[in-house]
Amino acid sequence: MGKFVIKQTNTGFKFDLKAANGEVIATSEVYASEAACLNGAESVKKNCIGEIEDQTVENFEVQKHPKFEMYTDKAGEFRFRLKAKNGEIIAVGEGYKAKAGCLNGIESVKKNAPEAPIEKLY
C-alpha cells in the first residue's frame, strides 16, 4: 500500500504520495501550514476518483472536476495533474517519456491514494 509522506520545507509543508515500492507517484505544492498540507492530502484521497482528460489529443473531451489532466510539457514529456472539484490543482506527477507511463502513474494514484496513511517526516 502507498502512503502520503509530509515534509517540512524552508517555506512550509508539502506531501509526496509514494507507492508501496517507495517511488514518488505524485507531489503537492508547498502549503503555508501543516493543516493546509494535511487537507491537501485528504483532498487527493477524495478526488482521485476523477476521469482522465487526455489533452495530448486533438479535440479532447473535457471532463468535469474532479479530474486528472494529462498533457505534454515543454520538453515533450507526458505529465498529469489532479484537479479537485473546485478546479484547484492538488497533486502533480513527474514527467514520463511515454504516454503509457503517465497513464500508469494516474492508475497508481487511483489505487494507492484512497487508503494511504499519512506519515510525517519532521
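The following conversation goes through several local features of a predicted model.

Reader: Let us start with the cysteines. How many disulfides does the structure hold?

Author: The structure holds zero disulfides.

Reader: Why is there no bond for Cys37?

Author: The cysteine sulfur closest to that of Cys37 belongs to Cys48 and lies 16 Å away, which is too far for a bond. A disulfide would require the two sulfur atoms to be within 2.5 Å.

Reader: And Cys102, what is the distance to the closest cysteine sulfur?

Author: For Cys102 the closest cysteine sulfur is in Cys48, at 15 Å, and this is again too far for a bond.

Reader: Are Cys37 and Cys102 buried or exposed?

Author: Cys37 counts as buried because its relative accessibility is 0%. Cys102 counts as buried too, with a relative accessibility of 0%.

Reader: Turning to the strands, how do β2 and β3 run?

Author: They run antiparallel, and three bridges join β2, residues 13–18, to β3, residues 24–27. Within this pairing, Asp16 has Thr27 in β3 as its bridge partner.

Reader: What about the hairpin itself, which residue takes a positive phi?

Author: That residue is Gly22, whose phi is near 90°. The hairpin of β2 and β3 has five residues between the strands.

Reader: Where is Lys83, and is it buried or exposed?

Author: Lys83 lies in strand β6, which covers residues 78–83. Lys83 is buried, because its relative accessible area of 17% falls under the 20% cut-off.

Reader: Which side chain does Lys83 contact?

Author: The side chain of Lys83 makes a polar contact of 3.3 Å with that of Glu69.

Reader: On to the surface. Which residues make the nonpolar patch?

Author: Val57, Phe60 and Val62 make a nonpolar surface patch of about 240 Å². One of these residues, Val62, sits in the loop between β4 (51–54) and β5 (67–72).

Reader: Is Val62 buried or exposed?

Author: Val62 counts as exposed, because its relative accessibility is 59% and the cut-off is over 50%.

Reader: One last residue, Ala98. Where is it found?

Author: Ala98 is in the loop between β7 (89–92) and α2 (99–112). At 40% relative accessibility, Ala98 counts as partly exposed.

Reader: What separates the C-alpha atoms of Ala98 and Glu77?

Author: Their C-alpha atoms are 7.3 Å apart, while 21 residues separate Ala98 and Glu77 along the chain.

How values were computed:
Residues are numbered from 1 along each chain as its sequence is written. This is a predicted model: local features need pLDDT of at least 70, side-chain atom pairs count only at pLDDT 80 or more; totals for chains, interfaces and linings use all residues. Side-chain values use heavy atoms; hydrogens and water are left out. Buried means under 20% relative accessible area, exposed over 50%, partly exposed in between (1.4 Å probe, protein chains only). Two strands pair if DSSP finds at least two bridges between them. Helices (H or I, at least four residues) and strands (E, at least two) are DSSP runs, numbered from the N terminus. Patches are made of residues with over 30% relative accessible area and no salt bridge: like charges are joined within 9 Å, nonpolar side chains (Val, Leu, Ile, Met, Phe, Trp, Tyr) within 5 Å. Accessible areas come from the Shrake-Rupley method with a 1.4 Å probe; for residues, only the protein chains shown count as cover. A salt bridge is a side-chain nitrogen of Lys or Arg within 4 Å of a carboxyl oxygen of Asp or Glu. A polar contact is a pair of N or O atoms within 3.5 Å; within protein, one must be able to donate a hydrogen and the other to accept it, and residues adjacent in sequence count only if both atoms are side-chain atoms.
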